[in-house]
Structures are given as C-alpha cells and as structure tokens.
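Dear colleague,

I am handing over the structure we spoke about, so that you can look through it yourself before reading my notes. Please find it just below, with what I found set out after it.

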Amino acid sequence: MAETISAEPLPGSAGRICVSLAEPTPARLLARITESPPGDVVELRLDALEPSIREDDGAVAALIAACPRPAVVTCRSAEVGEEGSARREFLLELALRCGAWAVDVELDAPFAQRLVTAHRPRVIVSHHWTDARPRDLEDVAARAAALRPAIVKLVAPAAVPADAAPVLEAGRRLRSGGQPAATFCLGEGGRSSRLLDFAAGGALTYVAGSGGVATAPGQWMVDWVHRDLRPDGWRAGAPRYGLLGDPITHSLSPAIFNLAFALDGSGRAYIPVTGGDFAQALKLADAAGLAGLSVTMPFKQEALAACFPDEFAARIGAVNTLSCDGDAWRGHNTDGPAVVEVLGRHLSLPGARVLVLGAGGAARAAAIALIDAGARVVVSNRTSGRADELARGLGTDVVPWDRVMGSTADAIVNATSLGMEATADNGFPTFRLSGAEVAMEMVYRPVDTPLLRQARASGCTPIEGLEMFLVQAAGQFRIWTGEEPPLPAWRMAAQQRLDAERES
Ligand code: NAP
C-alpha cells in the first residue's frame, strides 16, 4: 500500500475523492487503478469480479495487497445475492487483513454490527435506496449512526435535482452530530448532489475513473473534477456558488471560479447544478445554501421571474447572476456592462454608431448598456419581428438581416449564436469593412469565428468572445465576494484551454 493505514477515523479533517472501479479481472482493475490520480482513494468493487475470481481467496488477497492506492473495498449484495452473505463477510475481513484502507458494509448485512465492532475506524456503513425521496431516510440515518462507523454513506436516486435536498440535509445532520458521512443521490438529477455534499464536508465523493467508465449513474469524471473543480482546496463552511444552465458541460466558469478560490486559499467552491429544469435546480441551490449563482442559456429569462432584479436586469429582462440575500435571490446582469467595458477599451462610446447583431438576451443586454453609455445603436436580426420589437422598445433603428452586410458602423457586436460552428460559411453576413471598425464577438467557442476572420482580413480591430466572458464573470465575482478576481490568471487558464481545444 502506498499509504500507511491509520487507526484514526478515515475522513480525518478533509474528504477524499474516491475513484470507483468495477472490472471483471484483477489485471484490468489494477490497470485502471494506476490510471487514477495518486492522491485519490479507489473503490474496488469485488462484486464486479468474475465469480470464479471472487471465489479465489488468493486472487482477492493478492489484488488488495497489490493495490497502489488506498482502497475502499466493496462487495454489494445486489450483485452477489443475500445468500452470499457469509462470503461477503469473509471477503471484507480478508480485505482488511490485506491492507484495505476501508471496507464498505451495507447497513442491513447480518454481519454489519460485528464488522464495525471489530474494525470501527476502517468501516463505512452504507445504505442504498431504489426509490427517490425515501420515507425512512431519518430512521436509516439514525440506525447507521448508532453503529458509530468511520463513515455513514447514504445513497438514493434523484429524479430531479430537488429530490437530493433531504438526502443532503441528512448528511448535514449526521456531521453536525459528529458522525462523518457521505450522502448523495444517483442519476442525472443527483449529479450535483455528489459535489454539493462533498463541498459541505462529505467524507467521500465517488467519481468515474480516467476513461470515463462510471459504476453508478451521475458520477463525474475524475480528471474533470480535479482540473476544473480543484476540490482539494474546498473547505466545509466556506461559501459555495453554482452554475445553472443546460448544457453546461463546456462552460469555462467552473474552471475559472475554482481557480480563483484555489489561488486565494479561501476554501470556497463553485459547482454546476444540473439535471433538471430551472425551478428544480434553483430549489436544490436554495436547499444547499449556495451564496451565488451564474445563470446561463436557456435560463436567463426564468431567473428574472425567480428573483428581485436590480434596475438594469429588470430593464433587460434577463438575469445572468443571482446572489443570495437572506431568504431571497437578488438578480443582476453582468453581460451588458461587460460589452460596454470591453468595447469601451477600443472606442469612445458616446456618439459611436454600433451595429448589434441579434435580438436575444445577449443582444438586448448589449444594446441597452451601449445606449446607456451614449452609443447610437442599430440592431439587425434573422427574425425581423424580434429585431423590430427590440428596436421599438429602445427607440433605435433596424437594418433588415438581408441587407445588413452593406451597413456602416464604428463597431459591430455579434450577439447571435452564429459562429459557434467553425464552418467556413455558416450563413454569417459578409460585411463591407473599411478597416476602421471594431468587431466584437460574443461567441468564445471556437476562438475563431466568421466575424473575427473578416475583421482580421480587413485590418479592423478584432475582439474575441473570451474578453466578454472574462469581464462578465469578473462582474459576478465582485457581486458575490466584493473582491477583485485574478483576471490575468483567468485569462491565461481560459486561453490555454481554448488553445488546447483548437489543436485537438
Ligand atoms: P438567444 O437569446 O438564444 O439568442 C440567439 C440569437 O442568435 C438570436 O438573435 C437568433 O436569431 C440568433 N441566431 C441563432 N441562430 C442563427 C442563425 N443560424 N442565423 C442567424 N441568427 C441566428 O441567445 P443569447 O443568450 O442572446 O446569446 C447569444 C450568443 O451570445 C450565444 O452564442 C452566447 O453563447 C453568446 N454569449 C456570450 C457571452 C460571453 O460571455 N462571451 C455572454 C452572453 C452570451 P433569431 O431571433 O432569428 O432566432
């Protein structure tokens, strides 16, 4: 074993990431173990081994003794069957003798009490429900805690994110009573609860190993967890923030916010809240006590209705930032100010003629903020009715989409989602540029878009979408923390990520 087995209770002061591995043979299991990050614990699912190997004491002992990471050894009755109870007990005892870091025994196993009494600091007592919102949650939590194991692990499925709220609450209660615990939910609806519990002081969170083979639904990938979430720096009790959106898999927000919190050593965490509609995700964020939320597509309008918006967000009709104020959410929009800040670095805005492409939430935020800053805004959108409606509300002019290429402006802001596909010709208009214009892109993936290509080819000033992304995120950071974000570090990290994507 790479790590000395301690007689102390397992969790110590910090939780551990546990890479869950289920393979049919010891050779395949050992290959997967060595791919897992050195600081992590691995879960070895003995129930997934071929029955002939599981029956072979020597093979199991050799596997556990050869495991180069601290191992949580599990042998679930659902796979082995209740009739295998004596064998399961033997295997868990054998695992402890061979140096396992811990064993996981089910609360209802007939030998659970015996195992805990004999090996208390190295036994996890677990219970798994098959129904969401189990009625006997409190009773089971109390029974498990009464055994006083190293860790109580409670797992239930979640159909929607809010189903996880009582399970997370059970974990909080166990820990406040001095019992280390990991309590979370399975499935897409439970995905976020795995992180929320861990950030609140959960003793273990189970993740899928490198290569991405999950052993239970809703597990996050270990590489992504370390790279974007940096959970080694999270501290229970420190404020936590979240991201609401769908999809959020490619968002850079978790990477940059968790980078900021890792750099300042504050122990704060930023967690994606996924797997349901906006209302469900917000309920879970509420229950988990998150202090602030980024809101991204397609939830920005719904977020407005769920909060007390500030004057600017109310005028735009969209919220991209929520901050918790007691029992209520305050709503803000940092997209509009970000456009003004970024464009204003290259152009004096008062009196400048700015063509805004699009009529969605981002276009609206840009147009309103630019008008507030004194610019003369003209809008153009594929669906003319939406452009007319936006322009009417703002008292600005509209350029028809099929004639937009001929329009002249000091700056062009692309607030459509055109450009997100890196094709040479995806329907984006070809402008007649003089070379004096500033061309601001909101799309940041891919880095190179039709607008930026045209701007570079014509000698105009191109502004990549990443600039706006960083500035709107900086606005969120200030709203939540009152602090300045580490913008140079953010820019470098985000740029590296986008460059790597471009090369891959
Ligand atoms: P939205 O409300 O869904 O609006 C999408 C806009 O794109 C609409 O005007 C739509 O026109 C237009 N559009 C979509 N497909 C088109 C096509 N094939 N041809 C022409 N126009 C098309 O989205 P949003 O929230 O405003 O966001 C717009 C873009 O800005 C997205 O790419 C988003 O990622 C980006 N954004 C970036 C940042 C940042 O920080 N960099 C911040 C906010 C937004 P119709 O009305 O005709 O459908």
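I would begin with the right-handed β-α-β unit that is made by strand β19, helix α18 (residues 450-457) and strand β20; please keep in mind throughout that this is a predicted model.

The two strands of that unit belong to an open sheet of six strands, whose order is β17-β16-β15-β18-β19-β20 and whose pairing is parallel. The edges of this sheet are formed by β17 (397-398) and β20, each of which pairs on one side only. Helix α18 packs on the sheet, where it touches β18, β19 and β20, and its direction makes about 160 degrees with that of β19.

Within the sheet, β19 can be followed to its neighbours on either side. Strand β18 (residues 411-414) runs parallel to β19 and is joined to it by four bridges, with N414 standing opposite E441 of β19. Towards the edge, three bridges join β19 to strand β20 (residues 461-463), again in the parallel sense, and here A439 has P462 of β20 as its bridge partner.

In a regular strand the side chains alternate between the two faces of the sheet. In β19 (residues 438-441), V438 and M440 point one way while A439 and E441 point the other way, and all of them are buried, the glutamate E441 included.

Elsewhere in the same sheet, strand β15 (residues 353-357) pairs with strand β16 (residues 376-380) over five bridges, also in the parallel sense, and the bridge partner of L357 in β16 is S380.

A separate point concerns helix α7 (residues 137-146): which of its residues are buried? They are L137, V140, A141, A144 and A145. These residues lie on the same side of α7, because they cover an arc of only 130 degrees around the axis. On the other side of the helix, E138 and A146 are exposed. The buried residues of α7 pack against three elements, namely β5 (123-128), β6 (151-157) and α8 (164-176). After the helix comes R148, whose phi is positive, near 55 degrees.

If you have time for one region, I would suggest looking at β19 with its partners β18 and β20, and then at the buried side of α7.

With best wishes

Terms used. Residues are numbered from 1 along each chain as its sequence is written. This is a predicted model: local features need pLDDT of at least 70, side-chain atom pairs count only at pLDDT 80 or more; totals for chains, interfaces and linings use all residues. Side-chain values use heavy atoms; hydrogens and water are left out. Buried means under 20% relative accessible area, exposed over 50%, partly exposed in between (1.4 Å probe, protein chains only). Two strands pair if DSSP finds at least two bridges between them. A crossover is right-handed if, with the strands pointing away from the viewer, the path from the first strand over the helix to the second runs clockwise. Contact means heavy atoms within 4.5 Å. Axes are lines fitted to C-alpha atoms, for helices over the stretch in contact, and angles run from 0 to 180 degrees between N-to-C directions. The arc is that of the directions from the helix axis to the C-beta atoms.
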